[in-house]
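Subject: The structure you asked about

Hi,

Here is the structure for you to open alongside this note. Have a look at it first, and then read on for what turned up.

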Amino acid sequence: MSESQEAAGKKLLIVDDDERFAERLARAMERRGFVPVVANSVVDGIRLAKSEHQEYAVVDLRLQDGSGLDVVKAIHEYSADARVVVLTGYGNIATAVAAVKVGALDYLPKPADPDQVAATLLQSSEEGGMPPPPELPMTADRVRWEHIQRVYEQCDRNVSETARRLRMHRRTLQRILAKYAPHA
């Protein structure tokens, strides 16, 4: 059975405060057979977790109004069998352990490849370990570009602040931002 057939009609809650990323991920997961619903805050994520049974969820670790781990707890409180993946752009071992302790199936870095997210959500419990690598992973240039765009958005599109946080020269960042996203 293919991944998209296995996921057919599966309800998926996506909780991420980066609205553009959440919508792109929702469209990509829909193409893989999921039925996504998007929330952009801890409050909305918990509300949706309480309102109906969740089969699958993808939750950002850091949301503007709090921790995604609160959403993961709420999902498991109301849907104990839900399969949850936590995404973050700020990965470290302590937060990965915390995510797994509250019930996350796995912890993936942002920007996450939709194929990897789907494979992780659909991975059977007997398989254990890491899901197989994606057929066409993002190129290093694309991952770099996505990361820069995310930090730029988090800095309210302030080039100087983004450059400072990325520890790069402002003009270098301006040249990168002026270019189109690399393919694949």
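Let me start with a salt bridge between aspartate 60 and lysine 110, whose closest N and O atoms are 3.3 Å apart. Aspartate 60 sits in strand β3 (residues 56-60) and lysine 110 in the loop between β7 and α6, so this pair ties together parts that are 50 residues apart in sequence. Both aspartate 60 and lysine 110 are buried. Please keep in mind as you read that this is a predicted model.

**The salt bridges**

Lysine 110 has another partner: its side chain also meets that of aspartate 16 in a salt bridge, at 2.5 Å from N to O. Here too, distant parts of the chain are linked, with the two positions 94 residues apart: aspartate 16 belongs to the loop between β1 (10-15) and α2 (19-31), and lysine 110 to the loop between β7 (106-109) and α6 (114-122). Aspartate 16 is buried, as is lysine 110.

Which residues make up the network of salt bridges around this spot? The members are Asp16, Asp18, Asp60, Lys110 and Arg150. In total, the structure holds 11 salt bridges.

One more of them deserves a look. Arginine 32 forms a salt bridge with aspartate 115, and the closest N and O atoms are 2.8 Å apart. This pair also links distant parts of the chain, as arginine 32 is in the loop between α2 and β2 while aspartate 115 is in helix α6, 83 residues away. Is each partner buried or partly exposed? Arginine 32 has a relative accessible area of 18%, so it counts as buried, whereas aspartate 115, at 27%, counts as partly exposed.

**Helix α6**

Since aspartate 115 is in helix α6, a word about that helix. α6 is mostly covered, with seven of its nine residues buried. The buried ones are Pro114, Val117, Ala118, Ala119, Thr120, Leu121 and Leu122.

**The loops on either side of α3**

Two neighbours in sequence are worth a click in the loop between β2 (34-39) and α3 (42-51), where serine 41 is found and where asparagine 40 lies as well. Serine 41 has 14% relative accessibility and therefore counts as buried. The side chain of serine 41 reaches the backbone nitrogen of aspartate 44, at 3.1 Å. Asparagine 40, at 27% relative accessibility, is partly exposed. What separates the C-alpha atoms of asparagine 40 and valine 15? The separation is 5.6 Å, although these two residues are 25 residues apart along the chain.

Glutamate 55 is placed in the loop between α3 and β3. With a relative accessible area of 24%, glutamate 55 is partly exposed. A polar atom of the glutamate 55 side chain lies 3.0 Å from the backbone nitrogen of lysine 11. The C-alpha atoms of glutamate 55 and lysine 10 are separated by 6.7 Å, with the two residues 45 apart along the chain.

**Positive phi angles between α7 and α8**

If you check the backbone angles, go to the loop between α7 (140-154) and α8 (159-166), where you will find aspartate 156. Aspartate 156 has a positive phi of about 55° although it is not a glycine. The residue is exposed, with a relative accessible area of 68%. Arginine 157 is in the loop between α7 and α8 too, and has a positive phi of about 60°, again without being a glycine. Its relative accessible area is 48%, so arginine 157 falls in the partly exposed class.

**A positive patch on the surface**

Lastly, colour the surface by charge and look for a positive patch formed by Arg144, Arg170, Arg171, Arg175 and Lys179. Which helix gives the most to this patch? Helix α9 (residues 170-178) does, with three residues. Arginine 170 is placed in helix α9 and is partly exposed, its relative accessible area being 37%.

If you would like one place to begin, try the salt-bridge network of Asp16, Asp18, Asp60, Lys110 and Arg150.

Best wishes

Methods
Residues numbered from 1 in each chain as written. Predicted model: local features only at pLDDT ≥ 70, side-chain atom pairs only at ≥ 80, totals over all residues. Heavy atoms only, no water. Patch = residues over 30% accessible without salt bridge, like charges linked within 9 Å, V, L, I, M, F, W, Y side chains within 5 Å. Areas by Shrake-Rupley, 256 points an atom, 1.4 Å probe, with all protein chains shown as cover. Salt bridge = Lys/Arg side-chain N within 4 Å of Asp/Glu carboxyl O. Lys, Arg positive; Asp, Glu negative; His and termini not counted. Charge placed at Lys NZ, Arg CZ, Asp CG, Glu CD. Helix = DSSP H or I, 4+ residues; strand = E, 2+ residues; numbered from the N terminus. Buried < 20%, exposed > 50% of the residue type's maximum accessible area, 1.4 Å probe, protein only. Polar contact = N/O pair within 3.5 Å; in protein donor to acceptor, adjacent residues only side chain to side chain.
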